[in-house]
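Q: Can you walk me through this one? I'd like short answers, please.

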Amino acid sequence: MRKSTLVIISIPLIFIFYFVYVMMGWNIIVSVSDSIGAALTYHFKGFGQYIKLVDDPRFWTSLKNTLLLLLLIPCSIGLGLLLAMMLDQKLKGTGVFRNIYLMPFALSFVITATLWAWMCAPTDGVLNNLLRSIGLGSLTSMWYTHDETFIMTVIIALVWQFSGYTMMILLAGMKSIPQSQLWAAELDGASGFRLYRRVVIPQLKLPILSAFVILMLYAIKSFDFLWVLTEPTNSTFTLTTFMYYVMWKRWDFAYASAIGNVLLVLTLVIVVPYLYSSYRRGEK
Amino acid sequence: MNWKRVFGRIVLYGGLLFFAFVYLLPLWSAITTSLKTPAEVAKTSALAFPTHPTLAPFIESFDSLKGPLVISLIITAGGVAGSVLLGSMCGYVFSKIRFKYDTFVFLLLAAGAFIPYQSILVPLFTTISKLHLFGTIPGLILTHTAYGIPMCAILFRNFYGAIPESIINQAMVDGAGPWRIYRKIVLPSTVLATVVVVTFQFTSIWNEYLFGLLLGGGEGQAMPATVALANLKGSLTAAWEVQMAGAIWAALPVLIIYIIMGRYLIRGYMTGAVKG
């Protein structure tokens, strides 16, 4: 490598080395150190924080809620597929519809959480009012204000926010299928839904995989929406909000860093194989 | 055109309109609510447009959001400049220059875009505090620059990959070094790519919440608009019209970008998805 090349990338690489890898290592050290509160000290104390985690019912609730959030993935992909199929028909004005469906994805989670707090307000909220006015009063709900319906509300709102994005990924996949294949299938008598089920959807494996991985990351990492919608409590914590609560409300940095490391492992299990295979494909 | 096709069209447009209604409903009810008086919010359906529109909620929410909006703008501008500049250098080197372990180093770099920030939050807070940057705008610009680099590098590496090798090789034969090639050939021929990455980064930094919440220091310090909106929401639980007006203020820059630059933003999303 030439010296000038090294000069160009040294600054960004130093940034990433410090802010990602040094901090990851540092975080692991904090989690096994004897730090108390927000004062960090660095004598090795052992894996007490992780043992505490396993014994903490809040951890298991958080893990359960984090895993429940993954339900948004099949919902977003299913809805995204339906939208993409409708937009894939040669109709006028599909561009406008596409932009409407994708719009929520561009907005901040803080904004969408504020909008959904009003949508799902328990007494006079938009959805409850709407349901009552069309005679579906039995479907009204306490939404995010009750622990039992909290995760469901979050999933509905996040599917609203993400499905436009999966629609874009799948639509791009549909457009890249050679037209000749579609004509050939049509000559064989396949049309409408059959054409999609037999010919189009089987070719969308890669876009569906990308959407799957990206949504999984969003779901596991989601914090902003949950924290803003309503301050989480013991039974509505996810790993992200539980970690932030322990760090910022309890000032227990060692325990918080241990929770952070669990999240990291959970993410790496997904990211490493995906990045590896994605770039192996790119190399060929 | 036969009847079956006409019927199909009607069903399709009906479906498209139905979903347009669903996707616009939260924004529509925010707009109508933000133009109402508290009494009218309680009396009328959220879907109905106000009979006597008022701008009072917008004025009230702007009062608590105007400072944070300016802070957000400065943080976003700084973070975009830093991450796009450094990310573009990475994208260039990793797409055009071969060296030992280059793919491996790039993967380590790209992985930075996917880590959960909770796993580095304690060290990040400690670092920013030790640098005396807690509650300051430079602290947040530094943070956004650092964590923006991986995504910018991924996007730029894809775009720069499309520049023909022959042009680069010719310049090298002519004796130009990597730095010169970057400035004279790569940057000028990829203005569009830069626009895509800038819009992408602008929206993601503007929308960001966690760093602002943790490092911004709150009221009177470097509190960005997203944090201010969340605080507004927490302190005015029943005043929906003020909350909705506040949400519209905070969403405005991104909505404007989405309407004007949507094409570029979508390209950013897609490039990030395909390879990311």
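What follows is a short chat about the chains, their contact and some local details.

Q: Ground rules before we start?
A: This is a predicted model: local features need pLDDT of at least 70, side-chain atom pairs count only at pLDDT 80 or more, and totals for chains, interfaces and linings use all residues. Residues are numbered from 1 along each chain as its sequence is written, while chains are lettered from A and ligands numbered from 1 in the order in which they are written.

Q: OK, chain A. How many helices and strands does it have?
A: Chain A has 14 helices and zero strands. Both are DSSP runs numbered from the N terminus: helices are H or I with at least four residues, strands are E with at least two.

Q: What are the spans of its C-alpha trace along the principal axes?
A: About 75 × 65 × 30 Å for chain A.

Q: And what percentage of its residues count as buried?
A: 45% of the 284 residues of chain A. Buried means 20 or more other C-beta atoms within 10 Å of the residue's own; exposed means 12 or fewer; partly exposed is in between, with C-beta atoms placed from the backbone.

Q: Which helix should I look at for burial?
A: Try α13 of chain A, residues 239-249. Nine of its eleven residues are buried, so α13(A) is largely enclosed by the rest of the structure. Among the buried ones are A:Phe242, A:Tyr244 and A:Tyr245. A:Leu239 and A:Met247 are buried too.

Q: What follows α13(A)?
A: A:Trp251, with a positive phi near 50°.

Q: Switching to domains. How is chain A divided?
A: Into domain 1 (3-58) and domain 2 (62-283). The bounds come from an automatic or database domain assignment. The C-alpha centres of the two domains of chain A lie 30 Å apart.

Q: How many residues of each are in contact?
A: 15 residues of domain 1 of chain A are in contact with 15 residues of domain 2. Contact means that the C-beta atoms of two residues, placed from the backbone, lie within 7 Å.

Q: Which elements give two or more residues on the domain 1 side?
A: α1 (3-31) and α2 (48-55) of chain A. The largest share, five residues, comes from α1(A).

Q: What's the make-up of that side by class?
A: The side of domain 1 of chain A that touches domain 2 has seven nonpolar, six polar and two charged residues. Nonpolar covers Ala, Val, Leu, Ile, Met, Phe, Trp, Tyr, Cys and Pro; charged covers Asp, Glu, Lys and Arg; the others, Gly among them, are polar.

Q: Now the two chains. How many residues does each give to the contact?
A: Chain A gives 77 residues and chain B gives 71. By class, the chain A side has 55 nonpolar, 17 polar and five charged residues.

Q: Any odd backbone angles in chain B?
A: B:Tyr101 has a positive phi of about 60° although it is not a glycine. B:His132 also has a positive phi of about 60°, and it is not a glycine either.

Q: Where does B:Tyr101 lie?
A: In the loop between α3 (56-96) and α4 (102-111) of chain B. B:Tyr101 has 9 other C-beta atoms within 10 Å, so it is exposed.

Q: And B:His132, buried or exposed?
A: Exposed, because B:His132 has 10 C-beta neighbours inside 10 Å. It is in the loop between α5 (121-130) and α6 (137-160) of chain B.
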